[in-house]
Each structure stands twice: as structure tokens, then as C-alpha cells.
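Reader: I am new to protein models and would like to learn how to read one. Could you walk me through it step by step?

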Amino acid sequence: MRIRFAIVSLALVTCGISAPAQAAPAQAASSFASVVPVPVSAAPTSGVTYQITASTSVYSDVPTTGNLLAQQLRRATGYPVPIASTPPADGISLRLTGAPGGEEAYQLDVTASAITVSANQPAGLFYGVQTLRQLLPPAADSPTVQPGPWPVPGGRIVDQPRYAYRGAMLDVARHFFPVAAVERYLDQISLYKINVLHLHLSDDQGWRIVIDSWPRLATYGGSTAVGGDPGGSYTKAQYQEIVAYAAARNVTIIPEIDMPGHTNAALASYADLNCDGVAPPLYTGTDVGFSSLCVSKELTYTFVDQVLGELAAMTPGPYLHLGGDEASSTSATDYRTFMNRAQDLAHGKTVIGWHDIVNATPLPATIAQYWGTSTRNTAVANAGRKVIMSPASRTYLDMKYNRKTPLGQTWAGIIEVRDAYNWNPATFLSGLPASQVMGVEAPLWTETIRTSADIEYMAFPRLPAIAELGWSPQSTHDWTAFTSRLAAQGPRWHVMGVNYYHSTQISWPAGS
Ligand code: TNX
């Protein structure tokens with residue numbers, strides 16, 4: 001039996017958002033030593049600098065990536081930054097001409113006359129650009145025109161990720177976040193080369209996606225949120241807008257419909273889904289484990305089939321997340337029966353489940369997401385399935401940083417930046433072969449989180465710590481070096497208006 005928390009009265013505190021769009025206090029040029037996640041290899045050329053000027057243009061083999069870079073440079077520098085139709089001799093070129101390494105690898109070359117990012121695939125170009133952004137002065141990330149100058153230190157970076165799966169999760173069920181808030185988070189996480197955003201789209205407190213064959217899920221089940229806050233749901237067009245916005249930033253959206261537990265919003269919307277045929281009331285508290293789909297009713301599987309069918313049809317990514325956690329009001333036998341049938345209704349997508357799914361019979365391709373606090377879980381370690389590492393004691397962005405953190409919970413521990421950084425995804429779970437680890441994910445549950453400012457306060461700076469664990473080789477892992485790289489992000493977040501937690505473990509530059 002896990003020891004779970006109960007929030008008796010929720011202190012819903014919104015942290016003050018820091019003043020956006022100001023010039024960075026320290027206009028010092030960035031350096032190769034300030035990039036997060038730390039690159040595999042970075043060789044500065046001393047004395048060489050490229051200057052972005054009014055005549056700098058951008059060429060890209062992948063138009064979306066070139067446009068995103070040019071747009072941001074225009075916003076901050078006020079220069080025209082035109083898109084060139086051929087690689088300019090004296091500008092910025094993003095080329096699919098190859099780079100040493102795998103699919104996501106890139107090479108960045110900065111000379112006094114030009115900047116070149118080369119890659120094997122579009123993903124690599126996008127990552128090269130994220131590194132380039134971090135080599136520019138923080139003011140280059142400003143939403144408004146700043147004075148400059150705009151130096152980029154010369155040298156070569158050759159880089160590729162440790163893991164293919166580098167995720168963040170946002171719980172849009174406990175509190176609903178509109179499309180603009182999700183896109184804002186996508187902008188922030190993609191700067192750190194996160195390539196998955198897992199959206200927790202349903203829970204006891206709300207259903208957040210329109211399903212045409214079960215319309216009351218959104219209209220009724222989506223009407224509530226924790227604490228009586230406003231509900232909401234995404235239309236299919238809005239969901240697809242999020243998917244497209246993510247794709248332009250090289251992020252795959254993984255939608256989660258949690259089942260058979262965490263389903264009160266669905267059960268309240270359709271009486272027939274309940275074993276006794278009686279719909280429970282909508283729920284706005286924060287307890288877990290009290291709801292269950294009716295495992296013995298055939299209608300339950302029609303429901304799952306239709307919901308997952310519509311979800312699969314609007315999701316280009318290869319995964320559907322079926323939840324499966326904390327089904328404490330479903331018997332062990334029913335849980336197995338249900339999860340085994342549900343896995344067959346994923347409409348061609350690969351199933352991900354919270355690690356509880358190993359208690360059913362996971363399909364060979366089913367992926368388990370480990371969310372425990374312990375370094376021992378033999379059922380998960382021996383399941384022979386791929387695992388996404390989200391140990392709650394390290395990666396749960398809804399845990400407090402310290403006892404005084406105004407937002408968040410403590411059931412999985414108190415997680416300062418150092419705790420989020422100092423662990424190894426390959427060895428954390430004892431007995432799990434390193435080859436089974438697909439990567440890492442940092443979930444943000446939102447029982448106490450209501451605004452973008454709240455999201456940012458909990459995610460920054462811990463999300464970049466998890467991003468570095470997902471991207472950078474273990475051989476580069478070094479807390480002291482990380483603190484100085486992380487400190488260099490402070491002025492950037494200040495300029496971007498990111499409401500980050502000023503951890504005392506980090507020496508933030510003055511004024512950031
Ligand atoms: C556990 S971790 C949950 C969520 C809660 C979270 C709060 C997991 C798979 N389930 O239902 O929101 O704790 O920290």
C-alpha cells in the first residue's frame with residue numbers, strides 16, 4: 001500500500017509573474033560553457049566571434065525551423081533578417097547535409113563570417129538552433145526590440161542525445177490550460193531539446209478533449225476543475241493546433257486518457273458507464289483511487305474503443321497513453337482483464353501506461369512509465385518492457401522545492417534543483433537493464449497549479465535539469481558545472497518573462 005497524500009484544504013497560491021520583456025541586466029556575451037543541456041563536444045575558437053547585424057539573413061533546408069529562428073531574431077534585434085533562397089556566404093545556414101551521429105544529431109559551426117548548422121534530419125537542425133539561441137546574448141530571446149550587439153562565440157559543437165525519449169507532462173485535467181498556455185510551455189520546453197509533451201487529458205476532475213461519439217464527456221465532464229475553478233476542453237481543431245505547434249518544435253504530443261481509475265468525469269457524464277447505472281456527481285476535490293470504469297460491461301469497451309479511435313485519428317504520433325495508475329477501486333483481476341482488453345483497442349498506436357500496467361499483461365511493445373519513489377520495483381525491473389523514467393522523488397515537478405514553496409505537494413518528497421539533477425536514469429531502478437530505459441519524463445500534476453506563472457515556477461529550473469539527464473551523456477554529469485550553466489539561463493528567463501524559482505543552490509547573475 002502506498003502512502004498517499006490528502007490535501008485537506010488547498011492553498012491555491014499564484015506566484016507573482018516576473019516583469020516580462022525587460023533587457024537582460026547582464027549583457028555579457030554567452031559562451032560555449034553556458035549551454036543546457038551540455039553538448040557532447042564543444043570546442044570554442046578563441047578570438048573568433050560572429051556578429052548578427054542588419055544584413056544577416058537565414059537560409060534553411062527546413063523552412064519551419066528557419067522561419068522560427070528568423071522571427072525570433074527579428075523580434076529581438078529589430079533587423080530585417082530575411083529568408084535567403086540559397087545559403088548566404090555571410091549569414092546563417094541550416095543544412096540537411098549530415099552530421100556525425102544519429103537521427104537527432106547536429107553540428108554547429110560558428111566562424112567570423114558565417115554560422116552553419118548541419119544535420120541528418122529536421123530534428124537535428126531544430127536542436128542546433130536551440131543551441132545557437134543559447135550562444136546569443138539573453139536579450140536575443142526578448143519579445144521586444146533590444147539594443148544589441150549580437151555576438152555569437154566562434155567554434156564547433158557536435159552533439160546528439162543520450163535518449164530518444166525526453167518528455168514533459170502537463171496535467172490539463174485537474175486544472176484546464178487553454179491552447180495559448182500549452183503553446184507557451186511548448187516554447188519553453190523545446191528550448192531544452194525536450195521532444196515529447198504528454199498531455200494528461202482526463203481525470204476525476206475533468207475531461208478535456210471533445211469526443212464526437214460521446215459528446216457529454218467534454219460538455220459536462222469538462223465543465224469542472226479542482227477547487228471549483230473553471231473547466232474547459234479542447235475542440236478537435238484546437239488539439240490539432242497544439243499538435244502542429246508542437247511538431248514545428250520537434251515535439252511529439254502523447255495524449256493520455258486515464259483508465260480504468262481516474263474516470264469520475266466520464267462516469268458522471270454517462271450513467272450507463274457505471275455498473276449500477278447511476279452517474280456519480282462531478283468531482284472537484286483531490287482524492288485519488290475512488291473511481292473505476294465498469295469492467296464487466298460490454299459498453300465499457302465500446303466506449304474505450306470509440307474514444308481511443310477518435311484520439312488515434314487526430315494524433316499523428318505513434319503513442320497513446322492509457323494511464324492505468326492508482327486503480328484502487330478496481331480489483332486486481334478486473335484490472336488485468338480491463339487493461340489487457342484496452343491495450344487491444346489502441347488503433348495501431350503503441351501503448352504507454354503508468355508502471356502499474358505491469359500488473360496486467362503488457363503487450364511486448366507496451367511501455368511502462370515508472371513513477372515510484374523507490375529504487376526497487378522488481379515487477380517493473382523484470383517486466384522485460386521498455387521503461388520511461390519518471391521517479392516521483394526526482395522528476396515530479398508538482399513537488400515543493402522546500403517546505404515554504406507556496407505551490408505543490410510533498411507526498412513524493414521535497415525536490416530541490418540538485419535532487420532533480422543528481423540521479424542516473426540508467427541505474428536508478430535496481431535490476432532494470434539500462435537497455436530497457438527509453439528516456440526520462442518530468443510530469444507536472446496540477447492540483448495546486450492554475451496559471452502559466454504557476455507552471456513556470458514549478459518547471460524552472462527543474463525541467464532543464466531533467467532535460468539534461470535525457471540529452472547529455474552520463475560522462476558529462478557534474479552538479480557544479482551544471483549550476484553555472486543553469487545560472488546562465490536566469491537572464492534568458494528574465495527576458496522571456498518566465499516566472500522561475502530562484503533556487504539558492506544557484507548563483508543567479510545579479511538582476512536576473
Ligand atoms: C499521483 S503518479 C498521481 C496523480 C496525482 C499525483 C500528484 C500518478 C501516476 N498518479 O494522480 O496527480 O500523484 O502528485
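Author: We will go from the whole chain to its domains, and then to a few backbone details. Keep in mind that this is a predicted model.

Reader: Happy to start. How many helices and strands does the protein chain have?

Author: The protein chain has 15 helices and 16 strands. Its radius of gyration is 23 Å, close to the 24 Å that the globule rule gives for 512 residues, so the chain is as compact as a globular protein of that length. Along the principal axes, the C-alpha atoms fill a box of roughly 75 × 45 × 45 Å.

Reader: And what share of the residues in the protein chain is buried?

Author: Buried residues account for 60% of the 512. Here, buried means under 20% relative accessible area. As for the accessible surface, the protein chain has about 17500 Å², and 55% of that belongs to carbon and sulfur atoms.

Reader: Which domains does the assignment give?

Author: There are two entries to find on your screen: domain 1 covers 41-159 and domain 2 covers 165-475. Their contact takes 13 residues from domain 1 and ten residues from domain 2. Their C-alpha centres lie 35 Å apart.

Reader: Now the backbone. What should I expect of phi and of peptide bonds in general?

Author: Most residues other than glycine have a negative phi, and most peptide bonds are trans. With that in mind, look at the bond from G148 to P149, which is cis, with omega near 0°. P149 sits in the loop between α2 (122-135) and β6 (150-159).

Reader: Where else can I look for a cis peptide bond?

Author: Try F460 and P461, which are joined by a cis bond with omega of about 15°. P461 is in the loop between α12 (452-459) and α13 (462-471).

Reader: Let us turn to phi. What is the sign of phi in N250?

Author: Phi of N250 is positive, near 65°, and N250 is not a glycine. You will find N250 in the loop between α5 (236-248) and β11 (252-259). H262 also has a positive phi, about 55°, without being a glycine. H262 lies in the loop between β11 and α6 (264-269).

Reader: Is H262 buried or exposed?

Author: H262 has 2% relative accessibility, so it counts as buried. The cut-off for buried is under 20%. N250, at 21% relative accessibility, counts as partly exposed.

Conventions
Residues numbered from 1 in each chain as written. Predicted model: local features only at pLDDT ≥ 70, side-chain atom pairs only at ≥ 80, totals over all residues. Heavy atoms only, no water. Helix = DSSP H or I, 4+ residues; strand = E, 2+ residues; numbered from the N terminus. Rg over C-alpha atoms; globule rule 2.2 N^0.38 Å. Buried < 20%, exposed > 50% of the residue type's maximum accessible area, 1.4 Å probe, protein only. Areas by Shrake-Rupley, 256 points an atom, 1.4 Å probe, with all protein chains shown as cover. Domains from an automatic or database assignment. Contact = heavy atoms within 4.5 Å.
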